[in-house]
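Dear colleague,

I am handing over the structure we spoke of, placed just below, and after it you will find my notes on what was found in it. Please read them with the coordinates open beside you.

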Amino acid sequence: MDVESSKAIAMIPESPKKHRRRNVCLGVTVAVNLVISLVLLILGLTVFKPKQLTTTVDSTSISDLKVSLDTARLRVRVNVSLDMDLSIKNPNKVSAKYKDSSAFLNYRGQVVGEVPIPAGKISADSTKPMNVTLTLVADRLLSDSQLFSDAMAGAIPFNILTKISGKVSIFNLFKVKFTCTVRCDLVVFVSNSTIGDQKCKYKTKL
């Protein structure tokens, strides 16, 4: 077969039947993709619509407390460890992942203790319990006259701040970030090593 014959064969137009069949297949593919995308969108806005996670402080207790007063130099050494049990409820139909976070122990606006919260996952429609132990770094408050006064009065005020951030991913199409913040004000009573006047504020941001 010579070159001109090959060119003539190559230039033979596609039959209308094959052309129509190809267009139908292409149209069906596009239509199926549109339907799937629409269904996923509807589910993402209804059944799988992102919901706020709920954080709750279940209990707070003292695991260790030692107070040593130096009245001559008006100084006090305080060693205290606080155990906090909290839980995060995930009402979503998909799991939620959170990144490395931290909990802070504050005394009158000053950070005196910190503990890391490792990254993790909260399964769909479930509640995950957490436990954090915060220990006062005594050296930070050795010369704090206000702490001496509070210890002498038998009541030391603290604040615990916990912030956990992460995201909820729906079908790998919708990714919603969240931040759960807990602030708890409490008082440590030196005489009987108990906690009182605890008030917690919760905030969740999507």
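**The disulfide**

The torsion about the S-S bond of C184 and C200 is about 110°, so the disulfide is right-handed. Please bear in mind throughout that this is a predicted model. The sulfur atoms of C184 and C200 are 2.0 Å apart, and a search of the whole structure finds one disulfide. The bond links distant parts of the chain, since C184 belongs to strand β9 (residues 174–189) and C200 to strand β10 (residues 194–205), with their positions 16 residues apart in the numbering. The two partners sit in unlike surroundings: C184 counts as buried because its relative accessibility is 0%, whereas C200, with a relative accessible area of 23%, is partly exposed. A further cysteine, C180, has a relative accessible area of 2% and is therefore buried; C180 returns below as one of the contacts of L53.

**The nonpolar core**

The largest nonpolar core holds 41 residues, and those that touch the most other members are L53, V80, L82, L105 and F158. Strand β2 (residues 75–90) gives the most to this core, contributing seven residues. If residues up to four places away in sequence are left aside, L53 is in contact with I88, K89, N90, P91, N92, A96, I122, V168, F178, C180 and T204.

Strand β2 also contains S81, and here it is worth asking whether S81 is buried or exposed. With a relative accessible area of 11%, S81 falls under the 20% limit and is therefore buried. Its contacts, again leaving out residues up to four places away in sequence, are S61, I62, S63, D64, T133, L134 and T135.

**The salt bridges**

How many salt bridges does the model contain? The count comes to three, and I take them in turn.

In the pair formed by R73 and D70, the closest N and O atoms are 2.9 Å apart. R73 counts as exposed because its relative accessibility is 57%, while D70, at 24%, counts as partly exposed.

The side chains of D125 and K93 meet in another salt bridge, at 3.4 Å from N to O. D125 lies in the loop between β6 (120–122) and β7 (126–135), and K93 in the loop between β2 and β3 (96–98), so this pair ties together parts that are 32 residues apart in sequence. Both partners count as partly exposed, D125 at 47% relative accessibility and K93 with a relative accessible area of 43%.

The remaining pair is R108 and D150, whose side chains meet at 3.0 Å from N to O. This salt bridge, too, links distant parts of the chain, with R108 in the loop between β4 (101–107) and β5 (110–117) and D150 in helix α3 (residues 145–153), 42 residues apart. Which of these two partners is buried, and which is exposed? R108 has a relative accessibility of 52%, over the 50% limit, and so counts as exposed, whereas D150 is buried, with a relative accessible area of 8%.

With kind regards

Terms used: Residues are numbered from 1 along each chain as its sequence is written. This is a predicted model: local features need pLDDT of at least 70, side-chain atom pairs count only at pLDDT 80 or more; totals for chains, interfaces and linings use all residues. Side-chain values use heavy atoms; hydrogens and water are left out. A nonpolar core is a set of buried Ala, Val, Leu, Ile, Met, Phe, Trp, Tyr and Cys residues joined through side-chain atoms within 4.5 Å. Buried means under 20% relative accessible area, exposed over 50%, partly exposed in between (1.4 Å probe, protein chains only). Helices (H or I, at least four residues) and strands (E, at least two) are DSSP runs, numbered from the N terminus. Contact means heavy atoms within 4.5 Å. A disulfide is a pair of cysteine sulfur atoms within 2.5 Å. A salt bridge is a side-chain nitrogen of Lys or Arg within 4 Å of a carboxyl oxygen of Asp or Glu.
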